[in-house]
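Got the viewer open and a hand on the mouse? Let's take a walk through this one, stop by stop, selecting as we go.

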Amino acid sequence: MIGSYRGSFTGPAMRGSEVSKAVRFIRAGWLTVLLVSSRLAYPQGTSTPPTQWRFSERILIHAQAGQLVTARIGAFSASVGYSDWLTYKLLSPKGDVLRSSSLKLGEFADLSFKAEVTGVYTLDSNAGNNGFTFDAPRVKWVATPSFRPDYFFVTGHARRLYFFVPERLTEFSLTLGGEEAAKARVLRPDGTVAADLDLEYVKAQDITLKTNGDSGKSWSLEFELNEDMDIKLDKRLHKYLSETPLTAEDLRLLEDSKPQTFDLLPVPPISQKQQPSVAVAELNVGKDLQIAFGQTGQVARLRTNGADLLPTEGVPFSGFALRDHQRGIRVWPVVGRMRKSGPVWEQFADLKQLSLNLKAAFIARADRIEVEGELSDLSGKDRAVSLYFALPVSREGAVWWDDIDRRTAVNSTRTHRVRVEYSNWGSLTAGGNNHNSVYPFACVAGRGGIAMAVPMNRPVLHRLGYNAARQQFYLCLDFALTRATRKFPGKAAFRFVIYPVNPVWGFRSAADRYYRIYPQFFEKRAPDGALLGGLMSKPDPTAAAQSAAKVGYAYVWSAEGVPAIAAAHKTGLLPWLYNDSVRYFIYLTTPPEKTPARAEISADMESFLKAPNPQELYLGRPEVKARLEKLRDFGWYGLSWEELTGDKGNAALLSRNTAVLKSAFHDASGLFIPTYYVSAADDKRYYGYDIHTARVLCNPDPDLPGGWGKALLDDDIGGSFRRAEAGGTRLEGVALDNYFVNAKDLNFRAEHYAHTDHPLTFAPDLRPVQIGDFCTYEWLEALAKRLRAKGQMVSANTGNIPFPFAMTWIDVNLFEWGIENNGPLGRTLAYHRPVVSLPVQPDHYTEAWVKKSHLRFGFLPGGSLNATLDPIYQRYVPVLKRLSGAGWEPITLASTNDIDVLVERFGSWKTHNLCFTLFNRSDKAKEFMLRLDAKTLKIGTPRDLKILDLMEKTDIGSPMNRTGEFTLRLGPQDTQAIAVQ
């Protein structure tokens with residue numbers, strides 16, 4: 001069952017509105033390329049190739065002392081879009097690194113070894129966005145998830161994969177899905193088919209199977225794949241897949257001797273736990289938080305809300321610790337003397353064994369403990385280091401919160417079916433374990449509540465998590481230390497805070513207190529209102545703007561041309577300039593019929609950017625000129641149509657191309673990164689014209705001399721603003737499209753590192769690297785400061801939000817896609833700032849979608865003037881503006897007696913705008929009781945209250961009793977907005 005080898009374009013190179021069209025036709029052009037690269041993924045002459053694993057699955061091998069293990073690993077390209085190499089470590093049961101290296105795409109390595117001791121040997125692999133093969137034909141081994149804790153990923157081809165169903169399990173579920181249509185079969189232990197599935201394009205399928213007596217045995221999966229397949233096993237199943245059947249004894253051996261993990265990475269067995277320290281350095285945040293450190297920096301006491309959080313037994317380490325990834329996986333506790341300097345406690349550690357130096361300062365404020373410090377390299381070499389700070393928090397009674405909706409009671413035991421690492425992480429191909437926190441803060445609550453957080457104006461690859469086995473609540477910062485960062489050679493500064501939270505409200509309390517610690521990150525500068533997709537100068541922008549204002553629109557996504565900008569102002573709309581910041585659009589002149597290899601794409605882009613007469617390249621082809629002429633009102637990179645076609649047009653384009661050449665990202669192989677690239681045939685097929693388009697990913701750091709970032713600010717955006725002012729009007733801000741599309745791309749161009757303001761991280765092969773979002777952050781900060789000085793604003797089309805830092809500069813967060821699933825994240829990071837959608841799918845033009853995706857969190861809708869949407873917006877926008885204007889508050893001070901009915905609060909009784917939204921997330925109608933915390937809300941006499949349904953404008957009742965309880969009803973998956981009066 002060898003499927004065809006085809007590429008996947010699901011990673012950071014393309015997202016959002018581009019995916020639906022571009023994915024379909026780009027794959028066809030990559031087929032030939034991937035047939036070649038995939039043949040290299042296993043030794044020549046092998047009749048059945050091994051399974052092609054995607055990303056970073058972990059391989060566990062149980063071997064007896066003296067046993068010879070013969071294994072082979074290979075690296076292959078999962079698509080033309082990615083150039084990530086494979087890095088791997090082979091670890092002994094003791095945690096020793098037996099082998100550590102990198103493989104370029106198409107390369108193999110022999111991993112044969114003789115087992116010195118009996119136990120589990122671990123192959124910790126990281127293929128980035130690409131994949132790897134592993135073959136060990138004479139030894140039993142299993143794969144276990146690493147990239148995402150609950151998922152396996154295979155691509156192109158998989159052998160039969162076995163999983164074990166425990167004794168007495170009567171049924172179990174599987175979730176299977178991928179990027180292309182595929183076939184999947186679930187086989188019972190005797191080989192009969194339990195399920196035969198035809199999987200649809202980008203649509204996962206859930207199935208539940210009865211065991212019918214076939215428990216305590218191995219079941220299996222077979223696939224006919226085009227490309228990616230995601231496999232999620234029932235939480236009651238062992239998280240292992242193997243190419244050979246598994247037995248209960250196999251699993252017992254694995255469970256008894258597999259390595260413990262910390263931060264998702266294997267760690268050696270704990271030989272000695274930290275002994276209690278004598279408290280020396282004490283820091284108190286009133287009665288809510290007390291931390292005391294011992295003389296060398298370990299935590300001696302930890303209390304929050306009057307509760308002692310320390311575990312009854314010792315923990316592996318607390319305070320600071322390090323992982324030096326060039327040395328392996330060992331965690332090195334930092335031992336450094338504490339000393340007091342005024343109100344500040346300082347810690348200094350000269351770590352000669354690691355050639356590192358750490359200094360940190362702790363100071364107690366009224367509402368938090370601030371920690372600031374610096375990690376320095378002493379060797380003069382490039383380093384890849386994970387810096388940890390851990391608090392010892394007992395797992396007894398502890399609760400981990402993923403976000404405002406999801407919380408989990410921490411398990412007190414450790415088995416294959418028990419969650420050990422608690423986190424809410426995204427994935428990327430950088431740092432110590434390929435993951436990062438999507439929020440700037442996290443908390444553990446139970447007997448007390450405690451949070452840690454990083455400030456949103458200091459971009460850093462960070463992870464916050466709780467390890468139940470080791471009883472550590474920790475922060476990890478992944479740093480690359482290099483002399484190439486001239487502003488801080490060989491160093492990385494850091495800052496974070498520790499603060500108490502109300503354990504009843506958990507994550508919501510952590511959010512509330514984060515807003516109070518850092519109010520400057522959440523200042524609301526933009527009014528509330530819907531978003532008009534665009535406004536053109538022709539034929540009559542004034543009539544269109546007047547119609548939009550009547551419907552409830554407040555902003556115009558792109559007001560193209562001075563007449564359109566003036567018309568927007570005349571009717572009270574705020575016009576924004578459209579900009580796609582980090583990607584430079586070019587029109588290539590020699591389009592191949594099929595998409596070429598990555599190196600050819602890079603060479604084609606470079607050749608275009610170095611052409612001596614770019615004006616001719618743009619305007620010499622009638623079809624390109626005709627397309628650009630359609631944008632004449634809007635301009636082209638700050639040039640008016642007259643400037644673009646005039647005598648100085650060539651010089652202006654040359655200067656822009658030169659800036660792009662200086663700023664273009666380099667991938668791991670030194671090639672340009674094409675963020676959008678189509679063949680001529682597909683361009684014509686899907687768009688109806690023959691124009692070969694491409695977009696070059698750039699580092700827009702404004703400190704890069706002669707770079708694209710400064711050109712964007714001064715020439716592109718500056719030119720458009722100057723044209724508006726010359727026409728007697730003005731733009732009110734900049735709307736950035738596709739903002740996070742390339743946030744996770746990595747820039748290996750070392751000459752750029754000299755200009756960065758923020759620490760670098762490291763790639764899977766441990767080279768220093770820049771994360772795309774952190775480059776863009778520096779430009780966004782410069783843009784926002786420039787605009788805010790003139791009372792203007794920044795909006796950005798984010799969709800997914802992989803990193804939180806940019807949100808401090810985004811005044812209006814736009815969701816062109818993903819608002820249905822990212823509501824809690826979008827609202828939490830925006831706080832009181834407006835969040836606006838942009839409908840792009842047919843079902844978005846319905847009242848059901850507007851209600852379900854907007855009402856709960858007070859999000860505003862967007863789009864173009866539309867006969868279907870207009871009456872819906874006239875009905876919903878006033879209510880949504882009322883909610884958004886009142887301001888969402890994370891602590892609801894209200895609850896229901898039904899776990900499926902969720903409450904959100906807006907405004908307060910004091911400010912006369914107290915509103916709530918109620919969401920029934922179940923598929924059944926609900927009658928429930930809403931209970932208000934009248935005392936904390938400062939409501940005088942609850943029995944005098946009335947509730948108004950904001951959408952229906954009807955009085956729906958008074959409280960049943962003096963405690964402020966209401967009986968309400970909601971249909972399945974329904975949302976209601978109410979005002980308390």
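Start by selecting phenylalanine 362. Look across to strand 31, where valine 371 stands opposite this phenylalanine. One thing to keep in mind as you look: this is a predicted model.

Now widen the selection to residues 356-364, which make up strand 30, and residues 369-377, which make up strand 31. These two strands pair in the antiparallel sense, over nine bridges. How many residues does the hairpin use to join strand 30 to strand 31? Four residues make the link.

Next, go to the neighbour on the other side. Select residues 344-351 and you have strand 29, which pairs with strand 30 in the antiparallel sense over seven bridges. Pick out phenylalanine 348: its bridge partner in strand 30 is lysine 359. Strand 29 and strand 30 make a hairpin too, with four residues between them. Click on serine 355 in that turn, and you've found a residue with a positive phi of about 55 degrees.

Time to zoom out. The strands you've just visited belong to an open sheet of nine strands, paired antiparallel, in the order 28-29-30-31-42-39-38-33-34. Which strands sit at the edges? Select 337-341 for strand 28 and 407-409 for strand 34; each of these pairs on one side only. Turn the sheet around and follow its twist, which averages 20 degrees from one strand to the next.

While you're here, add residues 507-517. That's helix 3, and it lies across strand 33 (399-401), strand 38 (441-445), strand 39 (449-453) and strand 42 (491-500). Against strand 38, the helix runs at about 135 degrees.

Keep Phe507 selected and add Tyr439, Phe441, Tyr514, Tyr515, Tyr518, Phe521, Phe522 and Tyr831. Together these residues form one aromatic cluster. Across the model, the count of aromatic pairs comes to 42. For a pair to look at by itself, try phenylalanine 163 and phenylalanine 172: they meet edge-to-face, 5.7 Å centre to centre, with 75 degrees between the planes. Both phenylalanine 163 and phenylalanine 172 are buried.

On to the charges. Side chains of opposite charge can pair when their charged atoms come close. In this model, the salt bridges add up to 54. Here are three to click through.

First stop: aspartate 214 and lysine 217, which form a salt bridge with their closest N and O atoms 3.5 Å apart. Is each partner buried or exposed? Aspartate 214 has 15% relative accessibility, so it counts as buried, while lysine 217, at 37%, counts as partly exposed.

Second stop: aspartate 324 and arginine 383. Their closest N and O atoms are 3.0 Å apart in this salt bridge. Aspartate 324 lies in strand 26 (residues 319-324) and arginine 383 in strand 32 (residues 383-392), so the pair ties together parts that are 59 residues apart in sequence. Aspartate 324 is buried because its relative accessibility is 3%; arginine 383, with a relative accessible area of 6%, is buried as well.

Third stop: aspartate 900 and arginine 921, a salt bridge whose closest N and O atoms are 3.7 Å apart. This pair links distant parts of the chain, 21 residues apart. Look for aspartate 900 in the loop between strand 61 (894-896) and strand 62 (901-906), and for arginine 921 in the loop between strand 63 (915-920) and strand 64 (926-932). Aspartate 900 has a relative accessible area of 23%, which makes it partly exposed, and arginine 921 is partly exposed at 33%.

Before leaving the charges, select Asp324, Arg327, Asp377, Arg383 and Arg483 together. Salt bridges that share partners join these residues into one network.

Last stop: asparagine 579. You'll find this residue in strand 48 (residues 577-579). Buried or exposed? Asparagine 579 is buried, with a relative accessible area of 4%. Show its surroundings and you'll see that asparagine 579 touches several residues further off in the sequence, including Leu712, Ile717, Val734 and Trp779. Aspartate 716 is another contact, and a polar contact of 3.1 Å joins its side chain to that of asparagine 579.

Note on methods:
Residues numbered from 1 in each chain as written. Predicted model: local features only at pLDDT ≥ 70, side-chain atom pairs only at ≥ 80, totals over all residues. Heavy atoms only, no water. Pairing = 2+ DSSP bridges. Axes fitted to C-alpha atoms, helices over the stretch in contact; angles between N-to-C directions. Contact = heavy atoms within 4.5 Å. Salt bridge = Lys/Arg side-chain N within 4 Å of Asp/Glu carboxyl O. Buried < 20%, exposed > 50% of the residue type's maximum accessible area, 1.4 Å probe, protein only. Polar contact = N/O pair within 3.5 Å; in protein donor to acceptor, adjacent residues only side chain to side chain. Phe/Tyr/Trp six-rings, centres within 6.5 Å; stacked < 30°, edge-to-face > 60°. Lists of a residue's contacts leave out its neighbours within four places in sequence.
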